[in-house]
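Biologist: Hello! I am new to this structure and would like to learn how to read it. Could we go through it together?

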Amino acid sequence: MLRVMSTSSRQLALAVFAILLVMFLYLERGALAPFALAGVFAFILNPVVTALDKHFKLHKTLAIFIIYVLLFAAFGFLLSWIGGKLLTEARQITEGNTIDTTAQQAIDALPNWTLAGQDVGLKVAAQQLLESLRGGAASYQSRALPFFSGALREAISILVFFLAGFYLLRDGHKMRNYLLKMFPERHHDDFRTIWGRVNVILGNYLRGQLILIALMSVASFIVLETLGVRYALILAIMTGFLEIIPYVGPITAGGIATATAFLTGQNRFELDPGTLAIVIVVSYFVLRQLEDYFVIPHLYARLTKLHPIMVIFVVLAGGHLFGILGLILSVPVAASLKVVLEYLLEKG
């Protein structure tokens with residue numbers, strides 16, 4: 001009887017601890033981002049570290065150091081290759097006069113009607129969008145000090161990210177063993193089974209997302225650069241990273257690219273802004289269909305096995321509760337919970 005009470009008390013304490021932990025993480029969600037992203041980073045690279053340790057007999061610290069050096073070298077090469085164009089486009093975006101002339105001409109050509117004394121139509125909405133962009137650019141240029149203080153915070157977050165990633169890669173197995181000790185010994189096999197299944201689904205999902213980001217960034221850049229759309233590189237990178245947000249992200253990326261092409265009007269084929277916008281919409285639609293039929297079935301849907309309605313719900317809920325971090329991690333967390341629930345149901 002005493003043993004039963006002791007076990008029940010232990011389980012109650014674990015439940016209370018889990019609830020308090022979730023509450024704390026929610027309250028401190030702003031500071032959580034670099035650590036959560038470091039966990040994703042460690043999850044993706046852990047097989048590489050394990051392979052170096054196993055096949056080349058490298059100490060984990062040395063293996064992680066080599067990976068970091070290679071990553072920084074690759075990033076430096078990529079930055080030197082595209083950095084000039086990226087900085088030029090970023091500078092142009094912050095200069096309000098680059099969007100004024102061509103955008104205003106395109107807007108003036110839109111149809112407009114008067115209904116009950118009020119202007120209605122695409123022209124009104126497009127004019128409001130242009131004014132917002134102008135105001136955003138002016139505000140950005142007038143906030144130099146907040147920009148630099150924000151840059152300092154971002155630099156600290158990046159440093160925390162890499163340090164946390166290092167320790168998670170090096171000591172991740174110790175954390176698993178520590179969690180294992182929190183459960184009664186009779187549940188150790190269950191814990192190992194669930195841990196293994198979650199590792200498989202999360203690892204495959206996250207590595208698949210990286211492939212999607214790279215594929216969509218390259219494909220959209222080829223399309224936008226071929227058309228001669230202004231800010232093609234920034235739009236392509238944004239398109240790739242918005243793939244992280246299922247369903248909502250690709251639609252948002254297509255909308256931003258279309259609006260940018262329409263407002264700037266720049267292209268190599270002398271298309272009018274309306275025709276250019278239609279071409280962008282069609283191009284993004286075709287890219288999305290190719291992705292849905294030939295890429296995602298192998299990298300995404302087959303791995304998570306979540307219904308599309310559930311995916312949309314957890315994405316929106318995650319974004320509402322945790323912001324951008326929730327948008328990124330909501331699907332893998334939901335997939336992990338699904339694995340745990342299915343295993344518990346199997347056990348009866």
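Biologist: Let me start with a pair of helices. What is the handedness of the crossing of H8 and H9?

Modeller: Happy to help, and please keep in mind that this is a predicted model. The crossing of H8 and H9 is right-handed. Residues 232-242 form helix H8 and residues 248-264 form helix H9; their axes come within 8 Å and cross at roughly 165°.

Biologist: Which word describes how H8 and H9 run relative to each other?

Modeller: Angles over 145 degrees count as roughly antiparallel, and therefore H8 and H9 are roughly antiparallel to each other.

Biologist: Which residues make the contact?

Modeller: H8 contributes Leu235, Met238, Thr239 and Leu242, while H9 brings Gly249, Pro250, Thr252, Ala253, Ile256, Ala257 and Thr260. Sorted by character, the residues of this contact are 7 nonpolar and 4 polar, with no charged ones.

Biologist: I would like to look at one of those residues. Is Thr260 buried or exposed?

Modeller: Thr260, which sits in helix H9, has a relative accessible area of 17%. Buried means under 20%, so Thr260 is buried.

Biologist: What does Thr260 touch, leaving aside neighbours within four places in sequence?

Modeller: Thr260 is in contact with Arg230, Tyr231, Leu235 and Gly265, once those neighbours are set aside. You have met Leu235 already, as one of the H8 residues in the contact with H9.

Biologist: And how does H8 lie against H7?

Modeller: Helix H7 covers residues 188-227, and its axis comes within 7 Å of that of H8, crossing at roughly 150°. This pair is therefore roughly antiparallel as well, and H7 passes H8 in a right-handed crossing. From H7, the contact uses Ile213, Met216, Ser217, Ser220, Phe221, Leu224 and Glu225; from H8, it uses Ala232, Leu233, Leu235, Ala236, Ile237, Thr239, Gly240 and Phe241. The residues of the contact of H7 with H8 are 10 nonpolar, 4 polar and 1 charged.

Biologist: Let us move to another helix. Where is Leu169, and is Leu169 buried or exposed?

Modeller: Leu169 is found in helix H6, which spans residues 144-181. Its relative accessible area is 1%, so Leu169 is buried.

Biologist: Which residues does Leu169 touch?

Modeller: Not counting residues up to four places away in sequence, Leu169 touches Phe41, Ala42, Leu45, Asn46, Val49, Lys60, Ile64 and Tyr68. Try finding Pro47 too: Pro47 and Leu169 are 122 residues apart along the chain, yet their C-alpha atoms are separated by 9.7 Å.

Biologist: How should I read a pair of aromatic rings?

Modeller: Such a pair is described by the distance of the centres and the angle of the planes. Here the count comes to 9 aromatic pairs. In one of them, Phe161 and Phe162 are edge-to-face, with 5.0 Å centre to centre and 70° between the planes.

Biologist: How does the accessibility of Phe161 and Phe162 read?

Modeller: Phe161 has 17% relative accessibility and so counts as buried, whereas Phe162, at 23%, counts as partly exposed. Phe161 and Phe162 also belong to one aromatic cluster with Phe41, Tyr68 and Phe72. Among these, Phe41 and Tyr68 are also touched by Leu169.

Biologist: Finally, what does the whole protein contain?

Modeller: The protein has 13 helices and 2 strands. Of its 348 residues, 34% are buried. Among contacts between residues at least 6 apart in sequence, 68% join residues at least 24 apart.

Key: Residues are numbered from 1 along each chain as its sequence is written. This is a predicted model: local features need pLDDT of at least 70, side-chain atom pairs count only at pLDDT 80 or more; totals for chains, interfaces and linings use all residues. Side-chain values use heavy atoms; hydrogens and water are left out. Axes are lines fitted to C-alpha atoms, for helices over the stretch in contact, and angles run from 0 to 180 degrees between N-to-C directions. Helices (H or I, at least four residues) and strands (E, at least two) are DSSP runs, numbered from the N terminus. Angles under 35 degrees count as roughly parallel, over 145 as roughly antiparallel, 65 to 115 as roughly perpendicular and the rest as oblique. A crossing is left-handed if the near helix is turned anticlockwise from the far one by less than a right angle, and right-handed if clockwise. Contact means heavy atoms within 4.5 Å. Ala, Val, Leu, Ile, Met, Phe, Trp, Tyr, Cys and Pro count as nonpolar, Asp, Glu, Lys and Arg as charged, and the others, Gly among them, as polar. Buried means under 20% relative accessible area, exposed over 50%, partly exposed in between (1.4 Å probe, protein chains only). Rings of Phe, Tyr and Trp (its six-membered ring) pair if their centres lie within 6.5 Å; planes under 30 degrees apart count as stacked, over 60 as edge-to-face and the rest as tilted.
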